[in-house]
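Good morning, everyone, and thank you for making time for this. I would like to walk through one structure with you, so please have the sequence and the model open while I talk.

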Amino acid sequence: MPSDLLDDFHPLTAIAPTPFALKTLQPLWQAYPIALWTPESLRGQVQAAAAQVQGYPGSLKEQLPEWWQSRALVFCLAMGAVVRLIAPLLQDKRQDPAVVVVDGTGQFVMSLCGGHQGGADRLTVAIATLLNATPILTGSANALHLPAIDTLGNPFGWRRGSGDWTAVSGAIAQGQPVHVVQTAGSTLWQSHLPDMHPFRFAEADGGIDDEPSAEMRIEATLQQASTIPTVYWYPRVLWVGVGCERGTPQRVIAAAVEQTLLQGNLAAEAIAGIATIDRKADEVGILEFCEARQLPLRCFKAEELRSVAVPNPSEVVAAEVETPSVAEAASLLASQSQSLLIPKQIVRMKGQPGAVTVAIAQAEQETIGRSGEIWLVGMGPGQLDQMTPAAKGAIAQADAVIGYSLYIDLIHSCLRPGQLVEALPITQERQRAERAIALAQWGLRVAVVSSGDCGIYGMAGLVFERLREVGWNGEVPAVQVFPGITALQAAAARVGAPLMHDFCAISLSDLLTPWEQIETRLTAAAQADFVTALYNPRSRNRVEQLAIAQTIFLRYRDPKTSVAIVQSAYRPSETITRTTLDALLEHPVDMLSLVLIGNRTTRFHHQWMITPRGYLGYW
Ligand code: SAH
């Protein structure tokens, strides 16, 4: 199966109460591992490779409480009926599943509730992509092309704190200014906002002109009293260094960490992980604490810890574990920070065994807490309807989209508010690959966009090569390739069926390939009578290669061999020139052209370039 666009939403329950609904949802249940529910009487109609099909005996209403436990529900049913059904079960938007409604004809997919936190908006876009339908999102942030305030930090793994989310979202919908204080975590999101946005950044602006009506605080510190509606996000930036006597129970460790956090007015939600010495990797209390709080444990060797300068080294500790500091050194190493937020605290609890040392440092980059992915996406020749739905879906789902600026402009309508969109100049392929890898290693899902197919003179190879260079294990970050229509297919389609027999592609760019090699391949292709697609036939500084290619071909081919030059296929400036090998140089060829040289049997019939396959005899 290709990439599962629905991956993020399992367990996903789809409900098809009628034969029509079953048909409308078929592209979903046939190909994806979802739980499909249909009346008992219709079960026989389903032959699905992936879906788990279940029949419900009674009414939808009786069944719904069970389905409500899913992450997401997709109904193919009248909107009104769905509203009545789910109304008694709705609690609050932090807990409710995503509810999506598909209309009976499959033309529209509507995000009904759980739009932000439940992910219904993203699921709606994914399903619309799979059904080739129009997504309908009615959230106000969407209309303003802003990231929703209550999902803003999700890509970065921030934890949502308390606060008056409804009031702050309301202020944004009203276009009122929202004061932002960010003292922790990545500020990358700030530079990817639309020109008109309501956020006022205190530090950068050197003061706030408008009287803010609401506030968003992105910090590692505990919330403060505020006179205006305020919401809190906690990036996971705190590395808690822990050392303890052998056998110290979990509750003592937990109490020590809490006490230390409190001392610095720090939020437990902002903890990225626990750091210690490797000989504590099996310390039961620490392991239980990490397990209970779902925190990663990072262990360092004594010699690594020894190399860190700390404010409170201890000779006693050094004598015991070969480093004068565990808690302080480990928190500094894990956070890659130079200084501590809270120096070493030694905590004992009355009546409890053991002792704990705790120190806390703040990392510049937050822990996202999941492993990132790289999606190598081919966007086709340039017109959006020539792009595969899977590729569109990948772009819509990605946290970050990286590509050459022209291509980013072309896919503009697939982008979603809140995405990090990084357009780089055409020459910076290497930087694009490195940036994509860095973001994915951090934990983001990154789409790298190439025109045509990404694996044909595109970014895919470069990203893989670079991954290999940095010692990639083949799995983390996960990589997926989304194929696209390459220029030779696009050009061929515009002129007929020139690729009906064996063909090859040769790029005339000698930027990365020695010219002798290109000449060798041109000679072989000409000699072997391949239909040949010439990519990169000319650039601003490179004009003579096409003439050499023509000379080579003329050595082995008839001068009257059919040739098509397709410029900017599927773009508004598309032009097509039909000519012969000997006249090739008389026509304009530019950087965005593809030259198709037929084989000895290729002919034009009116405007159509046809290479016989041999059905009607030619060979
Ligand atoms: N990955 C791309 C190729 C990139 S190399 C693909 O699979 O199509 C760039 C070359 O591709 C251009 O010099 C041109 O030869 C060709 N090309 C790309 N888009 C094209 C288009 N829309 N029409 C004609 N040729 C195109």
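If we sort the residues in the shell around the ligand by class, we find 11 nonpolar, six polar and two charged residues. I should say straight away that this is a predicted model, so please keep that in mind throughout. The shell comprises 19 residues, and the closest of them are Asp453, Ile456, Thr486, Met591 and Ser593.

Let me turn to the polar contacts of the ligand. One of its oxygen atoms is 2.8 Å from a polar backbone atom of Asp453, and an oxygen atom of the ligand is also found 2.6 Å from an N or O atom in the side chain of Thr486. A nitrogen atom of the ligand, in turn, has a backbone N or O atom of Ala569 at 2.8 Å. Taken on its own, the ligand has 540 Å² of accessible area, and the protein covers 93% of that.

Where does the ligand lie with respect to domain 4 and domain 5? Both domain 4 (373–485) and domain 5 (488–610) contribute residues to the shell, and therefore the ligand lies between them.

That brings me to the chain as a whole. The domain assignment also gives domain 1 (7–138), domain 2 (154–234) and domain 3 (240–362), and the centres of domain 2 and domain 5, taken over C-alpha atoms, are 55 Å apart. Along its principal axes, the C-alpha trace spans about 95 × 65 × 55 Å, and the secondary structure of the chain amounts to 20 helices and 30 strands. Of its 619 residues, 50% count as buried. Among the contacts with a separation of 6 or more, 64% are accounted for by residues 24 or more positions apart.

Now I would like to look at three residues in loops, beginning with Arg557, which sits between helix 20 (544–556) and strand 26 (562–567). Is Arg557 buried or exposed? Its relative accessible area is 6%, and because the cut-off for buried is under 20%, Arg557 is buried. Its side chain reaches the backbone oxygen of Phe530 at 2.6 Å, while a polar atom of that side chain lies 3.0 Å from the backbone oxygen of Ala526. Leaving aside neighbours within four places in sequence, Arg557 is also in contact with several other residues, including Asp529, Thr532, Leu581 and Asn599.

The second residue is Asp96, in the loop between helix 4 (79–86) and strand 5 (98–102). Asp96 counts as buried too, with 9% relative accessibility. A polar atom of the Asp96 side chain lies 2.9 Å from the backbone nitrogen of Gln91, and, not counting residues up to four places away in sequence, Asp96 touches Trp68, Leu89, Leu90, Gln91 and Gly118.

The third residue is Ala281, found in the loop between strand 14 (271–277) and helix 10 (284–293). At 37% relative accessibility, Ala281 counts as partly exposed. Which residues does Ala281 touch, not counting those up to four places away in sequence? They are Leu287 and Cys299. The C-alpha atom of Ala281 is separated by 9.3 Å from that of Phe300, with the two residues 19 apart along the chain.

To finish, here is a value for the surface of the protein chain: its accessible surface comes to about 28,600 Å², of which 51% belongs to carbon and sulfur atoms.

Methods. Residues numbered from 1 in each chain as written. Predicted model: local features only at pLDDT ≥ 70, side-chain atom pairs only at ≥ 80, totals over all residues. Heavy atoms only, no water. Helix = DSSP H or I, 4+ residues; strand = E, 2+ residues; numbered from the N terminus. Buried < 20%, exposed > 50% of the residue type's maximum accessible area, 1.4 Å probe, protein only. Polar contact = N/O pair within 3.5 Å; in protein donor to acceptor, adjacent residues only side chain to side chain. Contact = heavy atoms within 4.5 Å. Domains from an automatic or database assignment. Near = heavy atom within 4 Å. Areas by Shrake-Rupley, 256 points an atom, 1.4 Å probe, with all protein chains shown as cover. Nonpolar A, V, L, I, M, F, W, Y, C, P; charged D, E, K, R; others polar.
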